[in-house]
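Thanks for coming. I will go through one structure this morning, starting with the overall layout and then moving to single residues.

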Amino acid sequence: MAEHQTYGQHQYPHQYQQQQHQQQQPVAHQVVKAMTAVTAGGSLLVLSGLTLAGTVIALTIATPLLVIFSPVLVPAVITVGLLIMGFLASGGFGVAAVTVLSWIYRYVTGKHPPGADQLDQARMKLASKAREMKDRAEQFGQQHLTSQS
């Protein structure tokens, strides 16, 4: 039992070697890594601040222009948006139609596309229910005719 609970170098040699490697790194190497991380993080933080400031300045300059031209821009944006949505919907429906037609072609030619088994099972169930309903209707018709006679 005690030999299974040991977590030394025998059970996990890769992790043990990593721990030993980290302990053997000189302090100067760790300081260089930390300084690199601080420099990279600081420069990204400064860059994000400059981007925020530029965005605020651009929005401040552009707002009066947007207010002046809004009677023209708003309908234009709505029209362009509707056109883009129409083209995307048209393309999507076209892709769907081509996909369905290719699936039907593969099914008809016997190439067994995905889902063909489920379609065949559903067709068999519908056919059996239709025969059952036909038989019931014939029985009902015969009973109705014999009861009237």
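Read from start to end, the chain follows the pattern α-α-α. That is 3 helices and 0 strands. Please keep in mind that this is a predicted model.

Now the surface. The chain has 149 residues, and buried ones make up 2% of them. The accessible surface is about 13,200 Å², and 70% of that belongs to carbon and sulfur atoms.

Next, helix H2, which covers residues 27–108. How far does H2 span between its end C-alpha atoms? A straight helix of 82 residues would span 122 Å, at 1.5 Å a residue, but H2 spans only 72 Å. There is also a kink in H2, of about 80°, and it lies at Ser70. The proline Pro71 comes shortly after that point.

Still on H2, there is a nonpolar patch on the surface, about 580 Å² in area. The residues that make this patch are Leu65, Leu66, Ile68, Phe69, Leu73 and Val77. Take Ile68 as one of them. Ile68 sits in helix H2. Is Ile68 buried or exposed? Its relative accessible area is 58%, and the cut-off for exposed is over 50%, so Ile68 counts as exposed.

Moving along H2, we come to the aromatic rings. The structure holds 1 aromatic pair. Trp103 and Tyr107 form this pair, with 5.3 Å from centre to centre and 5° between the planes. Why is the pair called stacked? Because the angle between the planes is 5°, and planes under 30 degrees apart count as stacked. As for position, Trp103 and Tyr107 are 4 residues apart in H2, so about one helical turn separates them. In general, an α-helix has 3.6 residues a turn, so residues three or four places apart point the same way. Both rings belong to partly exposed residues: Trp103 has a relative accessible area of 22%, and Tyr107 has 26%.

After H2 comes Gly110, with a positive phi near 85°. Then there is His112, in the loop between H2 and H3. What is the sign of phi at His112? The phi of His112 is positive, about 55°, although His112 is not a glycine. For background, most residues other than glycine have a negative phi. His112 is partly exposed, with a relative accessible area of 48%.

That leaves helix H3, residues 116–148. How many salt bridges does the structure hold? There are 2. One joins the side chains of Asp120 and Arg123, at 3.2 Å from N to O. Asp120 and Arg123 are 3 residues apart in H3, so they are separated by about one helical turn. Asp120 is partly exposed at 24% relative accessible area, and Arg123 is partly exposed at 46%.

In the other salt bridge, Arg136 pairs with Glu132, and their closest N and O atoms are 3.1 Å apart. Arg136 and Glu132 both lie in H3 as well, 4 residues apart, which is about one turn of the helix. Glu132 counts as partly exposed, at 33% relative accessibility.

To recap: H2 has the kink at Ser70, the stacked pair is Trp103 with Tyr107, and His112 has the positive phi in spite of not being a glycine. I will take questions now.

Terms used. Residues numbered from 1 in each chain as written. Heavy atoms only, no water. Phe/Tyr/Trp six-rings, centres within 6.5 Å; stacked < 30°, edge-to-face > 60°. Helix = DSSP H or I, 4+ residues; strand = E, 2+ residues; numbered from the N terminus. Buried < 20%, exposed > 50% of the residue type's maximum accessible area, 1.4 Å probe, protein only. Areas by Shrake-Rupley, 256 points an atom, 1.4 Å probe, with all protein chains shown as cover. Expected span 1.5 Å × (residues − 1). Bend = angle between axes of the 7 residues up to and from the residue. Patch = residues over 30% accessible without salt bridge, like charges linked within 9 Å, V, L, I, M, F, W, Y side chains within 5 Å. Salt bridge = Lys/Arg side-chain N within 4 Å of Asp/Glu carboxyl O.
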